[in-house]
Amino acid sequence: MDKTQPHPLFKLATELGPLLVFFVANAKFHLFVATGAFMVAIVAAMIASYVVTRHVPLMALVTGVIVIVFGTLTLVLHDETFIKVKPTIIYGLFAAILGGGLLFGRSFIAIMFDQMFNLTPQGWRILTLRWALFFFAMAILNEAVWRTQTTDFWVGFKAFGVIPLTMAFAVTQMPLIKRYHLEPVSLQASEATEGDVSKG
C-alpha cells in the first residue's frame, strides 16, 4: 500500500521537534519537567505523522513506546537515570534486532527504515551490518556521555549531537545504496518487453 509522502521539513520537524522541546524545557526548568514535555512532544509527533501520512514509521513507534515507559519511570521514581539510559536501550535494541536478523539470514533494516530503498540482497546485508554497528556505537557513546558529563551537557548532546551524527552516517551510506540499487520490477519488465518487441 502506497503511503503519503510528507514534505521533508515535516519529517524533520516530527523527528527534531521533540528533542528541541526536551532541550528548551531542561534549560528553562529541569530534567524532570523536560522529561514530561518530551513524552508529550513524542506522542504529538506520532499523532501528527499518522494524521498527515496515515502511517507511523516503525522506528518512531518503538522509540515512542520506550520514551513513554522510561519517561514514566523517571517521573514516578524521580530518578533521572532512567531517561538517560533510554537512548542506550533504544540503540542497543536496534543493534540487536539488526545483528540478530543477519545471523538468521534476514535484513530487517528495510522494515526499520520503512522500505525507503530497493536494494539487492547483498546490498541489504551490508547496509544492515553497518547500521547495526552504528547503533551499537551510539549506545556506547550515550553511556560514556551521561556517565561522565553533566546533565545539561548530555541533554545538549542528545538534542544537537545525535541527529547530526546520524545524518552524517546516513549520507556516508549513499554510495553503497547507489551501488546496490535495484530498478523497480515494473521498469525492468517494461524494458524487457521493449527489447523483445525490437527483436521481433
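From the N terminus on, the elements of the protein chain run α-α-α-α-α-α-α-α-α-α. The model is predicted. The count is 10 helices and 0 strands. Of the 200 residues in the chain, 36% count as buried. Contacts with a separation of 6 or more were also examined by their distance along the chain. Residues 24 or more positions apart account for 68% of them.

Confidence varies along the protein chain. The average pLDDT is 84, and 86% of the residues score at least 70. Helix α6 has the highest confidence, with a mean of 94. Helix α10 (residues 185-199) has the lowest, with a mean of 46. Over residues 186-194, pLDDT stays under 50. For that stretch the model has 2 contacts beyond four places in sequence. Where pLDDT is low, the predicted coordinates should not be read in detail.

The interior was examined next. In soluble globular proteins, nonpolar side chains tend to be buried together. Here the largest nonpolar core has 43 residues. The residues with the most contacts inside this core are F22, L98, L127, W131, F135 and W154. Helix α6 (residues 121-148) gives the most to the core, with 10 residues.

Helix α7 (residues 151-160) is mostly covered, as 7 of its 10 residues are buried. These are T151, W154, V155, G156, F157, K158 and A159. The end residue F160 is partly exposed, because its relative accessibility is 46% and the buried class ends at 20%.

Aromatic rings come together at several places. A pair of aromatic rings is described by the distance of the centres and the angle of the planes. The count comes to 10 aromatic pairs. In one of them, the ring centres of F22 and W154 are 6.0 Å apart and the planes stand at 90°, so the pair is edge-to-face. F22 lies in helix α1 (residues 8-28) and W154 in helix α7, so this pair ties together parts that are 132 residues apart in sequence. F22 is buried, at 0% relative accessibility. W154 is buried as well, with a relative accessible area of 0%.

Another pair joins F23 and F160. Their ring centres are 4.8 Å apart and their planes lie at 80°, so this pair is edge-to-face too. F23 belongs to helix α1 and F160 to helix α7, so the pair ties together parts that are 137 residues apart in sequence. F23 is partly exposed, with a relative accessible area of 29%. F160 is likewise partly exposed, at 46%. Elsewhere, Y91, F94, W131, F134, F135 and F169 form one aromatic cluster. W131 and F135 also appear among the core residues with the most contacts.

Helix α7 also meets helix α8 (residues 162-172). Two packed helices are described by the angle between their axes and the distance between the axes. The axes of α7 and α8 come within 4 Å and cross at roughly 35°. On the α7 side, the contact is made by F157, K158 and F160. On the α8 side, V162, P164 and L165 take part. By class, the contact has 5 nonpolar, no polar and 1 charged residues. The charged residue is K158, because Lys belongs to the charged class.

One residue of helix α2 (residues 31-53) was also examined. V40 is found in this helix. V40 is exposed, with a relative accessible area of 58%. Its C-alpha atom is separated by 10.0 Å from that of G64, which is 24 residues away along the chain.

Technical notes: Residues numbered from 1 in each chain as written. Heavy atoms only, no water. Helix = DSSP H or I, 4+ residues; strand = E, 2+ residues; numbered from the N terminus. Buried < 20%, exposed > 50% of the residue type's maximum accessible area, 1.4 Å probe, protein only. Core = buried A, V, L, I, M, F, W, Y, C linked by side-chain atoms within 4.5 Å. Phe/Tyr/Trp six-rings, centres within 6.5 Å; stacked < 30°, edge-to-face > 60°. pLDDT = per-residue confidence, 0-100. Contact = heavy atoms within 4.5 Å. Axes fitted to C-alpha atoms, helices over the stretch in contact; angles between N-to-C directions.
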